[in-house]
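User: I am a first-year student, and I would like to understand how the labels given to parts of a structure follow from the values behind them. Could we go through some of them with care?

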Amino acid sequence: MPIYEDEKPWGLERVWATNPQYKAKFLTIDKNHRLSRKYHLSRDHTLYVLEGSLTVECGPNAEGDEITVVQLSEGETFNLYHNEVHRLCAGDSGVSLIEVSNGGSGDYIRVEDDYGRIDPLNLPGRIPKASSK
């Protein structure tokens with residue numbers, strides 16, 4: 001049973017494990033929806049696709065950089081590192097995945113958002129100056 005569920009404008013987030021060292025979630029992204037383009041100041045993530053197809057947009061990590069698109073299918077994994085700008089997107093059938101990250105929550109900077117959730121106190125549109133993997 002999830003520790004908690006949170007309905008999002010893009011789907012559903014179910015947190016099933018959390019402590020100061022890591023957080024684990026089931027994410028369901030509804031068809032043709034996507035999460036914010038953002039980056040994390042200290043957290044790294046590993047994604048595992050359970051069902052459907054996931055598009056991961058990586059970047060831009062500096063002004064002038066291009067966005068790299070990575071397609072993931074069921075059973076595939078992908079790592080995202082702190083200070084790496086990214087966005088998770090579902091296609092026509094939606095997608096279910098597991099996301100495991102180190103640390104807690106709230107260390108993100110939203111760069112773009114389809115649902116008007118950019119916080120002006122979080123310096124919207126700012127991209128990290130350097131990636132430190």
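Analyst: Let us begin with a definition: strands are DSSP runs of E with at least two residues, and they are numbered from the N terminus. With that numbering, Asn 32 is found in the loop between strand 3 and strand 4 (37-40). Please keep in mind that this is a predicted model.

User: What makes Asn 32 count as exposed?

Analyst: The cut-off for exposed is over 50% relative accessible area, and Asn 32 has 52% relative accessibility, so Asn 32 counts as exposed. The backbone of Asn 32 deserves a remark too, since its phi is near 60 degrees, a positive value in a residue other than glycine.

User: Why is Asn 83 called buried or exposed, whichever applies?

Analyst: A residue is buried if its relative accessible area is under 20%, and because Asn 83 has 13% relative accessibility, Asn 83 counts as buried. Asn 83 is found in the loop between strand 7 and strand 8, and its phi is near 65 degrees, which is a positive value in a residue other than glycine.

User: Which pattern does the chain follow along the sequence?

Analyst: Read along the sequence, the pattern is β-β-β-β-β-β-β-β-β, and the chain has nine strands and zero helices. Of its 133 residues, 41% are buried.

User: Why does Thr 55 count as buried, and what does Thr 55 touch?

Analyst: The value for Thr 55 is 16% relative accessibility, and since buried means under 20%, Thr 55 counts as buried. Thr 55 lies in strand 5 (residues 45-58), and, if residues up to four places away in sequence are not counted, it touches Val 69, Val 70, Gln 71, Arg 87, Leu 88 and Cys 89.

User: What makes the pair of Thr 55 and Gln 71 a polar contact?

Analyst: The cut-off for such a pair of N or O atoms is within 3.5 Å, and the side chains of Thr 55 and Gln 71 are joined at 2.8 Å, so the distance meets the cut-off for a polar contact.

User: How do you know that the charged end of Lys 38 sits over the ring of Tyr 108?

Analyst: One condition is that NZ of Lys is within 6 Å of the ring centre, and a second is that it is within 35 degrees of the ring normal. The charged end of Lys 38 is 5.3 Å from the centre of the Tyr 108 ring, so the distance condition is met, and the pair is listed as a charge over a ring.

User: Which residues touch the most other members of the largest nonpolar core?

Analyst: That core has 16 residues, and Ile 29, Leu 54, Val 56, Leu 88 and Leu 97 touch the most other members. Strand 5 gives the most to this core, with five residues. Leaving aside neighbours within four places in sequence, Ile 29 has contacts that include Trp 10, Leu 54, Leu 88 and Leu 97.

User: Where does Pro 60 lie, and what is the peptide bond leading to Pro 60 like?

Analyst: Pro 60 lies in the loop between strand 5 and strand 6 (68-72), and the peptide bond from Gly 59 to Pro 60 is cis, with omega near -5 degrees.

Methods: Residues numbered from 1 in each chain as written. Predicted model: local features only at pLDDT ≥ 70, side-chain atom pairs only at ≥ 80, totals over all residues. Heavy atoms only, no water. Helix = DSSP H or I, 4+ residues; strand = E, 2+ residues; numbered from the N terminus. Buried < 20%, exposed > 50% of the residue type's maximum accessible area, 1.4 Å probe, protein only. Polar contact = N/O pair within 3.5 Å; in protein donor to acceptor, adjacent residues only side chain to side chain. Contact = heavy atoms within 4.5 Å. Core = buried A, V, L, I, M, F, W, Y, C linked by side-chain atoms within 4.5 Å.
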